[in-house]
Amino acid sequence: MQNTAVLGIDIGGSGIKGAPVDLIAGDFAADRLRIPTPQPSTPQAVADVVARIVDHFADLIGDSPVGITIPAVVTHGVVRLAANIDPSWVGTQAADLFAQRLGRPVVLVNDADAAGVAEAKFGVAKGNDGIVLLTTLGTGIGSALIHHGVLVPNTELGHLEIDGYDAEKRAAASIRTAENLSYAEYVPRLQRYYEVVEKLFWPDLFVVGGGVSKDADKFLPYLKLQTPIVPAALRNRAGIIGAAWLAANPS
Ligand code: BGC
């Protein structure tokens, strides 16, 4: 029997989630498994959890490669900057660490980049031949720049300095919660953020992901931008689906 499911795993601050992905349908081939992120979330402790998830789905994924997301810059398998994860990741050749632990090829990718790829291949940006900029509003702000369906990785636009602030410290969804802001109070921060990004990148489409995108009708219609801005279609499945796609289509 031909095996089309490729495992995607999304490493987050509170949970590590994995599911086999049917890359023809662009959706999960089985229910996802979520295991709480170990604390401290060191590379070894996280690799143990990742191995448990791979074992859980072993029957469905054959000997296929695994795609893994991490909320950090990744260049050539090395984690380079870790704003919201354990600092011990920085400088770790994490792709090799996972590959050795799992005994299979691994593609390691920034979380927002994986979500952007998923939206471009299967979601709301499918078929867009221009410049798509996906931002995720969560603990931090992640970004994925896609041109003609091709990812330009590690854009890190959550760390633009705007009005003297690291942008994600003003406009991430976690800040809205921490400062107890209503959506009416949050909108001006998003307006400022997106208008700066728009002037720098002139995208054809903004896609907004992250948990807050389920409330998109409470803030997106109030943003005044020249660029269309739409919620992500794949919601919290995007990271896993994008990671699996990248594992099956390594650059
Ligand atoms: C990190 C990015 C990540 C984003 C969303 C930022 O703080 O620097 O790498 O994509 O948070 O998790």
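Start with the salt bridges. A search of the whole structure, which is a predicted model, turns up seven of them.

**Stop 1: Arg-237 and Asp-27.** Select both residues and show their side chains. They meet in a salt bridge, with 2.9 Å from N to O. Now colour by secondary structure. Arg-237 sits in the loop between β15 (229–231) and α8 (238–248), while Asp-27 belongs to strand β3 (residues 27–28), so this pair ties together parts that are 210 residues apart in sequence. In general, side chains of opposite charge can pair when their charged atoms come close.

**Stop 2: the two domains.** Colour by domain next. The domain assignment gives domain 1 as 5–114 + 237–248. Domain 2 covers 124–232. Place a centroid on the C-alpha atoms of each: the centres are 24 Å apart. Then select the contact between them. Domain 1 brings ten residues to this contact, and domain 2 brings 13.

**Stop 3: the interface.** How much area do domain 1 and domain 2 bury between them? The figure is about 800 Å², with 50% of it on carbon and sulfur atoms. Select Asn-84, Ala-112 and Asp-113. These three supply 59% of the area that domain 1 buries against domain 2, more than any other three residues.

Now look for polar links across the interface of domain 1 and domain 2. The rule finds zero salt bridges there. Two residue pairs are in polar contact across the interface, both at pLDDT 80 or more.

Stay on the side of domain 1 that touches domain 2, and show the ribbon. The elements that give two or more residues to this side are β6 (73–75) and α4 (111–122). Which element gives the most to this side of domain 1? Pick β6, which gives three residues. Recolour this side of domain 1 by class: six residues are nonpolar, three are polar and one is charged.

**Stop 4: the ligand.** Centre the view on the ligand. There are 13 residues around the ligand. Which of them come nearest? Select Asn-110, Asp-111, Glu-156, His-159 and Glu-168.

Turn on distances to the ligand oxygen atoms.

- Asp-111: a polar side-chain atom lies 2.5 Å from a ligand oxygen.
- Glu-168: an N or O atom in the side chain is 2.8 Å from an oxygen of the ligand.
- Ala-72: here a backbone N or O atom lies 3.4 Å from a ligand oxygen.

For Ala-72, then, display the backbone atoms. For Asp-111, display the side chain. Do likewise for Glu-168.

**Stop 5: backbone geometry.** Finish with three places along the chain. Is the peptide bond from Gln-39 to Pro-40 cis or trans? Select both residues and read omega. The bond is cis, with omega near -5°. Zoom out a little to place Pro-40 in the loop between β4 (33–36) and α1 (43–56).

Move on to Asn-154. Phi is near 65° at Asn-154, a positive value in a residue other than glycine. Asn-154 lies in the loop between β11 (150–152) and β12 (161–162).

The last selection is Asp-163. Asp-163 is not a glycine, yet phi is positive, at about 55°. Look for Asp-163 in the loop between β12 and β13 (165–166).

Key:
Residues are numbered from 1 along each chain as its sequence is written. This is a predicted model: local features need pLDDT of at least 70, side-chain atom pairs count only at pLDDT 80 or more; totals for chains, interfaces and linings use all residues. Side-chain values use heavy atoms; hydrogens and water are left out. Domain bounds come from an automatic or database domain assignment. Contact means heavy atoms within 4.5 Å. Buried area is the accessible area (1.4 Å probe) that two parts lose on being put together, summed over both. A salt bridge is a side-chain nitrogen of Lys or Arg within 4 Å of a carboxyl oxygen of Asp or Glu. A polar contact is a pair of N or O atoms within 3.5 Å; within protein, one must be able to donate a hydrogen and the other to accept it, and residues adjacent in sequence count only if both atoms are side-chain atoms. Helices (H or I, at least four residues) and strands (E, at least two) are DSSP runs, numbered from the N terminus. Ala, Val, Leu, Ile, Met, Phe, Trp, Tyr, Cys and Pro count as nonpolar, Asp, Glu, Lys and Arg as charged, and the others, Gly among them, as polar. A residue is near a molecule or strand if one of its heavy atoms lies within 4 Å of it.
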